[in-house]
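Open the model in a viewer and keep a selection panel at hand. This tour goes through a few charged side-chain pairs, one stop at a time.

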Amino acid sequence: MCTLEKKGCIFILTLTGQGEHRLNPTLIDAIQSALRQVRAEAASSSALITTAQGKFFSNGYDLDWAGNSQSRAHLMDSRLRSLVADLISLPLPTVAAVSGHASAAGFILAFSHDYVLMRRDRGFLYMSELDIRLRIPAWFVALIKCKVGSPAARRLLLLTAAKVTAKEAVEKGVIDSAHDSAESTVAAAVELAEKLVERKWNGHVYAQIRMELFSEVLGEIRSTGSKL
């Protein structure tokens, strides 16, 4: 499902295999287990990179697993909310090296990181809910508002269901940078992580500032949970 590798002060979490990395409770639990290990083993100055093998970074929720079960759909949302809250409270900088398609909940997973880098030669960002006739949770919207500064870019993502390439995403300020391949994207993420580690920030202070920055997202996450 996923692996965790440590190189010096940098952790690299990789979603493994050639599948779509659909987010079901089993995969989300595996990612959270890795994050608990990161939290336990992080040095005074560390960083996390999340990436994936194959064509997809993550193609969103595992809708086949959920089927027509409302309780399973709620469980996936609950588990992803918990994972995103863990990423927001993680006491170290985080970088998503988007190695392929990142759709819907997979988009949300990527954008729960502090920095988003993406390969240029394959893959796109895609909030697919409009095309598949699903409502977008309020906490998804809160996260996108926090991470995507341009109203025009938010409209493109949410109200046109555009499949946004890395080149377009850089031009619209949606991601931080684009790179020629999956390998060069991860290499750029490592280079960025090394620079962040060199700053020797206090991790708990870093997490507190991030939680304040994402306070609206965390509020929506808590509010959504109280309604279920």
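The stops below cover three salt bridges in a predicted model. A search of the whole structure finds ten salt bridges.

**Stop 1: Glu 5 and Lys 7.** Select these two residues and display their side chains. They meet in a salt bridge, with an N to O distance of 4.0 Å. Glu 5 has a relative accessibility of 40% and counts as partly exposed. Lys 7, at 48%, also counts as partly exposed.

**Stop 2: Asp 29 and Arg 79.** Next, select Asp 29 and Arg 79, which form a salt bridge whose closest N and O atoms are 2.8 Å apart. The pair links distant parts of the chain, 50 residues apart. To see this, color helix H1 (residues 25-41), which holds Asp 29, and helix H3 (residues 70-89), which holds Arg 79. Asp 29 counts as partly exposed at 35% relative accessibility. Arg 79 is at 21%; because buried means under 20%, a value between that and 50% is classed as partly exposed.

**Stop 3: Asp 114 and Arg 210.** Finally, select Asp 114 and Arg 210. Their salt bridge has its closest N and O atoms 2.8 Å apart. Asp 114 lies in the loop between helix H4 (105-111) and strand E7 (115-119), while Arg 210 is in helix H10 (residues 203-213), so the pair ties together parts that are 96 residues apart in sequence. Are these two residues, Asp 114 and Arg 210, buried or exposed? Both are buried.

Technical notes: Residues numbered from 1 in each chain as written. Predicted model: local features only at pLDDT ≥ 70, side-chain atom pairs only at ≥ 80, totals over all residues. Heavy atoms only, no water. Salt bridge = Lys/Arg side-chain N within 4 Å of Asp/Glu carboxyl O. Buried < 20%, exposed > 50% of the residue type's maximum accessible area, 1.4 Å probe, protein only. Helix = DSSP H or I, 4+ residues; strand = E, 2+ residues; numbered from the N terminus.
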